[in-house]
Amino acid sequence: MSVIEWPELSGLISSNLGYPRIGENREWKKALERFWNGSISESELQTEMKRLRLEHLSKQRDKGIDRIPVGDFSYYDHMLDTSVMFGLVPERFNHRPAGPIPLSVYFGIARGQKGATASEMTKWMNTNYHYIVPELANAVPVFTENKPLRAYREAKQELGIDGKPVLIGPYSFVTLSKGYDRKELASIIRTFLPLYTRVLSELAAEGVQWVQIDEPVLTTSFPVEDLDIIQEVYEALAQAAPSLNIMLQTYFGSLDHYERLSALPVQGLGLDFVYDDGENLQHILQHGFPKGKTLGAGVIDGRNIWRSDLNAVAILLGQLAEQTTAEQLIVQPSCSLLHVPVSLEAEHKLDRELVQALAFADEKLEEIAVLTAALGKHDPSALTKLGQSADAVARFNSSAARVQTADDLADLLAKEPLTRSVPFAERREIQQNKLKLPPLPTTTIGSFPQTAEIRKARLHYRKGEWSAEQYRTFIQQQIKEWIDIQEDIGIDVLVHGEFERTDMVEFFGEKLNGFAFTQNGWVQSYGSRCVKPPIIYGDVSFDQPMTVEETAFAQSLTSKPVKGMLTGPVTILNWSFERNDIPRSQVALQLALALRAEVEALEQAGISMIQVDEPAIREGLPLKKEQQQAYLDWAVQAFLVTTATVEPATQIHTHMCYSEFQHMIQSISDMDADVISIETSRSYGELIVSFEDQVYDKGIGLGVYDIHSPRIPDVSEMLSMIQRALRVLPSDLFWVNPDCGLKTRTKEESVAALRQMVQAAQAARAALAVSN
């Protein structure tokens with residue numbers, strides 16, 4: 001066991017910032033979906049949700065956490081919870097708030113309902129979690145209920161837990177909303193202040209000791225002039241509830257304005273010491289930490305699944321204690337544990353050496369408890385566990401699984417082409433002569449419905465109950481059915497449907513070297529949609545063709561072009577739990593070289609269109625502006641490494657979804673894809689405005705309907721979206737498509753919506769023909 005002089009930090013306590021909602025076996029997801037399909041009543045849903053809430057709180061208490069968050073549990077999304085608490089129901093839902101918002105309206109805002117589109121959904125900061133964007137246009141905030149107070153009372157009455165209510169802070173809530181001019185930010189925040197002060201006043205009257213106010217936007221490159229409204233906000237909150245202790249919680253990075261923000265009139269400041277690039281510690285060492293304030297030290301990684309080096313963490317806590325006192329220091333994760341799976345308990349198939357290097361939410365709570373007991377009480381048992389943990393991390397990091405064996409990437413890339421052999425204008429002519437596509441060609445993003453029958457067949461195969469030939473025959477039947485459906489609908493460019501794929505990242509990870517896969521490592525992506533990210537633990541490399549068989553079979557069934565479908569290197573990276581011992585850019589380039597081999601195999605098999613999806617390229621963008629271009633440079637490089645070796649006649653597509661792309665149009669263009677499809681339906685085409693000021697000179701499809709909602713828009717609605725786009729984009733470069741894959745929709749919904757989409761495209765073509 002490692003020998004180290006651990007600091008004695010008497011009085012040290014522990015805290016958590018948030019716990020995964022989904023349940024150890026996704027009970028949360030299953031309950032929601034049973035309610036949505038009418039299998040259970042609202043009262044049955046409420047009963048199950050309460051059971052899960054209390055179970056999560058009990059688990060945190062039993063793990064030894066001193067300050068347990070309450071109010072972080074949600075039926076869909078925490079930003080949506082804040083919206084409805086303040087009566088922000090968009091007018092199209094025809095509900096005037098008067099008391100708590102009904103679940104029918106709550107879910108309607110998130111998922112859409114007849115006659116009303118869902119609210120926009122976008123990435124939460126730079127994570128793969130999606131939140132429902134509050135709509136502030138013409139909104140008059142009203143107080144509907146005190147959700148944090150209700151959560152606090154439940155925890156205390158049912159479990160005797162004196163919890164720490166959690167809510168999104170005013171600055172972050174308004175900044176992350178839409179529907180107002182940025183110049184109005186301060187005045188809009190002021191309209192919310194009376195509602196926030198009421199929430200805090202009622203919490204204080206209830207006897208709440210601490211409240212956690214999350215302000216993640218404070219770690220971004222926000223305008224310096226915003227500091228004045230931030231100061232005003234926290235002075236007002238402090239005055240409204242002087243007996244209440246406010247923990248101003250930040251995460252996902254460091255504070256740019258540390259001196260000013262650390263002086264705000266709050267009793268505690270929570271800082272991320274994992275994703276801050278060491279800057280938060282440097283701020284404290286340089287400027288000190290305010291006397292009398294509590295420091296929430298986010299020292300356990302809340303976003304990745306690797307076990308922490310507790311030796312290093314203990315040393316860091318000792319450094320922090322020297323700048324304050326142990327009694328004013330709290331051990332906590334770097335952010336909410338919402339972003340990691342629940343427990344390692346079910347992971348019996350993973351390599352044991354790898355398991356010893358992992359920590360999911362429950363194990364992270366144990367790490368926090370061990371640190372608190374070992375350093376705060378010098379508990380012998382905890383000290384032993386601390387040493388054992390540090391040794392396990394050291395063993396894995398020095399194992400053959402982690403040692404990099406790939407060729408030097410810099411030397412390799414120096415010999416590789418990073419541009420297509422001819423420019424886009426020439427390629428476009430070559431491709432059109434070969435493909436002979438109509439104006440405004442129609443296509444889909446890639447996946448078709450993954451029915452219960454398909455999932456059951458996959459399970460039979462994985463359990464060994466079906467032979468490889470049985471499974472291949474079944475998949476081919478699905479492909480043929482949907483090739484026939486697409487031809488009947490009249491779609492111009494077809495896809496094979498991805499029926500053999502569980503997940504767009506997991507599928508490729510299973511076929512590449514350097515990945516491992518969990519049994520139950522689920523995390524929430526949006527709503528009830530959960531994903532199981534693979535683990536990149538070692539060097540990534542190509543093994544054998546992954547998609548050629550199914551794509552070539554689909555192409556053999558039709559004279560229309562069929563797109564080969566791959567997930568891009570940066571998306572695989574961003575949607576995996578990545579290794580943390582080498583730079584992210586290096587992992588991305590390993591992935592790119594592996595995927596290039598697949599692109600070339602598809603081309604050799606006669607596939608003339610290949611889509612390399614990068615839906616997650618935007619979410620990996622650093623929160624600090626000064627770091628963003630470097631990220632975009634290597635992200636673009638990885639895409640070009642994947643695609644640049646194809647012939648000019650091979651058309652490269654890519655897809656991006658549910659993010660803010662306005663400020664990276666040039667980087668998207670630099671990727672040099674022949675066609676890009678981007679989501680615009682949930683944002684009501686707002687991205688289109690970007691092209692009024694920025695020229696995009698390649699093929700582009702702006703999604704004309706929202707696949708994440710069961711609602712099927714009519715032809716006129718889709719036609720309006722097309723016509724709006726054609727006001728700023730050239731018609732000879734424009735494609736018509738949904739905004740994302742159709743995996744989560746039913747067959748009936750998909751066919752109906754695609755028929756309407758094709759009719760809208762045909763109407764737009766007819767109008768173009770008349771105008772020309």
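Helices (H or I, at least four residues) and strands (E, at least two) are DSSP runs, numbered from the N terminus. With that in hand, we can start at a loop. Met 125 sits between strand S3 (121-123) and strand S4 (130-132), in the loop that links them. Although Met 125 is not a glycine, its phi is positive, at about 55°.

Before going on, a word about the model. It is predicted, so local features need pLDDT of at least 70 and side-chain atom pairs count only at pLDDT 80 or more, while totals for chains, interfaces and linings use all residues. Residues are numbered from 1 along each chain as its sequence is written, and side-chain values use heavy atoms, with hydrogens and water left out.

**Two residues with positive phi**

Is Met 125 buried or exposed? Buried means under 20% relative accessible area, exposed over 50%, and partly exposed in between (1.4 Å probe, protein chains only). Met 125 counts as buried because its relative accessibility is 10%. Lys 436 also has a positive phi without being a glycine, here about 50°. Its place is the loop between helix H16 (424-435) and helix H17 (452-462). At 64% relative accessibility, Lys 436 counts as exposed.

**Salt bridges**

A salt bridge here is a side-chain nitrogen of Lys or Arg within 4 Å of a carboxyl oxygen of Asp or Glu. By this rule the count comes to 40. Three of the pairs are set out below.

| Pair | Closest N and O atoms |
|---|---|
| Arg 51 and Glu 48 | 2.9 Å |
| Lys 747 and Glu 481 | 2.6 Å |
| Glu 500 and Arg 501 | 3.0 Å |

Let us take the pairs in turn. Both Arg 51 and Glu 48 belong to helix H2 (residues 42-62), where they are three residues apart, about one turn of the helix. Arg 51 is partly exposed because its relative accessibility is 37%, whereas Glu 48, at 17%, counts as buried.

The partnership of Lys 747 with Glu 481 spans the sequence in another way. Lys 747 lies in helix H27 (residues 747-771) and Glu 481 in helix H18 (residues 468-489), so the pair ties together parts that are 266 residues apart in sequence. Lys 747 is partly exposed at 32% relative accessibility, and Glu 481 is partly exposed at 29%.

In the pair of Glu 500 and Arg 501, Glu 500 counts as buried with 9% relative accessibility, and Arg 501 is buried with 3%. Elsewhere, salt bridges that share partners join Arg 420, Arg 427, Asp 672 and Asp 674 into one network.

**A buried charge without a partner**

Which side chain of opposite charge is nearest to Glu 363? For this purpose, Lys and Arg count as positive and Asp and Glu as negative; His and the chain ends are not counted. The nearest is Lys 63, 5.9 Å away, and Glu 363 has no salt bridge even though it is buried. Glu 363 is found in helix H13 (residues 361-376). Contact means heavy atoms within 4.5 Å. Leaving aside neighbours within four places in sequence, Glu 363 is in contact with Val 342, Ser 343, Leu 344 and Glu 345.

**A buried methionine**

Met 718 lies in helix H26 (residues 715-726) and counts as buried because its relative accessibility is 0%. Not counting residues up to four places away in sequence, Met 718 touches Val 704, Tyr 705, Pro 713, Ala 753, Gln 756, Met 757 and Ala 760.

**Cavities**

On a 1 Å grid over the protein atoms alone, a cavity is a set of points where a 1.4 Å probe fits but cannot get out, and lining residues have an atom within 4 Å of a point. Grid points are joined across faces, edges and corners, and a volume is the space filled by probe spheres set on the points.

The structure holds five cavities of 30 Å³ or more, and the largest has about 530 Å³ of space. Of the 36 residues that line the largest cavity, Met 504, Arg 529, Trp 575, Cys 740 and Lys 743 are the closest to its centre. Strand S15 (563-567) is one of the strands that supply at least two lining residues each, and the share from S15, three residues, is the largest.

The second largest cavity has a volume of about 50 Å³. Among the residues that line it are Leu 80, Ser 83, Pro 90 and Glu 135.

Conventions
On a 1 Å grid over the protein atoms alone, a cavity is a set of points where a 1.4 Å probe fits but cannot get out, and a pocket is an open set with protein on both sides within 12 Å along at least five of seven lines; lining residues have an atom within 4 Å of a point.
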